[in-house]
Amino acid sequence: MATPLLEVKHLTKFYKTHAGTLHAVDDVSLSLEAGKTLGVVGESGCGKSTLGRTILHLVEPTSGQIFFDGKDISRMDAATFKESRKWMQIIFQDPYASLNPRMTVEDTIEEPLRIFGIMKDSAERSRYVESLMDSVGLARRLKRSYPHELDGGRRQRIGVARALALKPKFIVCDEPVSALDVSIQAQILNLMQDLQQEQKLTYLFITHDLSVVRHISDEIVVMYLGQAVERAPANELFEHTLHPYTKALLSAIPIPKPHAAENRIVLKGELTSPIDPKPGCRFAPRCPMARPECYKATPELRTVAEGHSVACFFAQEAST
């Protein structure tokens with residue numbers, strides 16, 4: 001088996017609040033091979049964006065280990081981590097909020113080069129920026145444009161070009177198409193897949209859109225209130241769904257057929273609070289299969305088939 005480019009072990013991120021400790025990411029472990037895409041899905045507030053930002057140290061983890069390219073980057077100081085930072089980038093969700101309104105397209109894309117002291121010759125940097133704009137489908141005539149002068153699709157292409165500037169190995173894609181029109185979404189997704197093949201990129205693709213994640217991912221992790229509840233190859237997850245929460249998510253995908261909504265699973269019950277959660281399955285109050293034991297112990301993510309793991313005491317019953 002190939003050595004993973006990224007390996008996360010028991011990662012947690014807790015926040016202190018006036019009401020208690022909020023468990024944003026709670027004991028998540030995963031691995032990702034070079035050149036692959038791992039999709040992370042779940043409802044808003046499940047911790048998927050916090051997971052991505054914690055891996056990149058945009059948010060410092062509370063505990064756990066993060067290995068990137070064989071190195072433990074969990075507790076590196078800023079100076080030591082700076083070298084690894086070049087190889088790990090992010091594409092943000094909002095293509096307008098993530099861009100400095102005072103910087104032109106060229107300034108934005110070349111900023112990482114200036115920060116790391118790469119290509120000190122301005123003419124060389126300018127040529128490189130033009131090549132990046134070509135690679136993401138941005139017309140060179142837009143070099144001197146500002147973000148407010150461009151549409152959402154072009155803004156997001158700037159974000160992609162900026163992420164590629166340092167020739168990274170790994171990119172966290174934090175819902176990169178959710179703020180875009182459907183037609184533009186398809187363009188950006190196809191662009192990202194083409195770039196992945198050309199540059200051997202590795203993606204952690206965060207989204208709440210299951211149709212998108214199936215299209216782009218090799219494997220998928222489903223998160224619920226800070227915990228990973230199911231992981232499997234993309235096709236396996238859709239064809240042999242095990243966790244009741246994943247089944248409910250999949251049933252919510254719009255299907256253009258009459259009466260398709262009749263088969264939708266409507267979750268009822270109260271959400272478990274992520275602040276100082278009690279022992280037990282966090283999905284139990286909304287789960288149609290919940291039993292008394294689900295409220296007493298927390299199910300661990302366990303392998304039930306090749307490449308397929310699930311955190312549910314009654315996973316086999318859920319699959320029937």
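Here is a short talk about salt bridges and burial in this structure.

Visitor: What kind of model is this, and how are its residues numbered?

Guide: It is a predicted model, where local features need pLDDT of at least 70, side-chain atom pairs count only at pLDDT 80 or more, and totals for chains, interfaces and linings use all residues. Residues are numbered from 1 along each chain as its sequence is written, and side-chain values use heavy atoms, leaving out hydrogens and water.

Visitor: What makes Arg286 and Glu43 a salt bridge?

Guide: A salt bridge needs a side-chain nitrogen of Lys or Arg within 4 Å of a carboxyl oxygen of Asp or Glu. The closest N and O atoms of Arg286 and Glu43 are 3.2 Å apart, so the pair qualifies.

Visitor: Why is Arg286 called buried?

Guide: Buried means under 20% relative accessible area, exposed means over 50%, and partly exposed is in between (1.4 Å probe, protein chains only). Arg286 has 13% relative accessibility, so it counts as buried. Glu43, at 29%, counts as partly exposed.

Visitor: How do you know that Arg53 and Asp174 form a salt bridge?

Guide: Their side chains meet at 3.6 Å, N to O, and that distance is within 4 Å, so the rule is met.

Visitor: Which of these two is buried, Arg53 or Asp174?

Guide: Asp174 is buried, because its relative accessible area is 2%. Arg53 has 30% relative accessibility, so it is partly exposed.

Visitor: What about Lys86 and Glu83?

Guide: Their side chains also meet in a salt bridge, at 3.4 Å from N to O. Lys86 is buried at 17%, while Glu83 is partly exposed at 44%.
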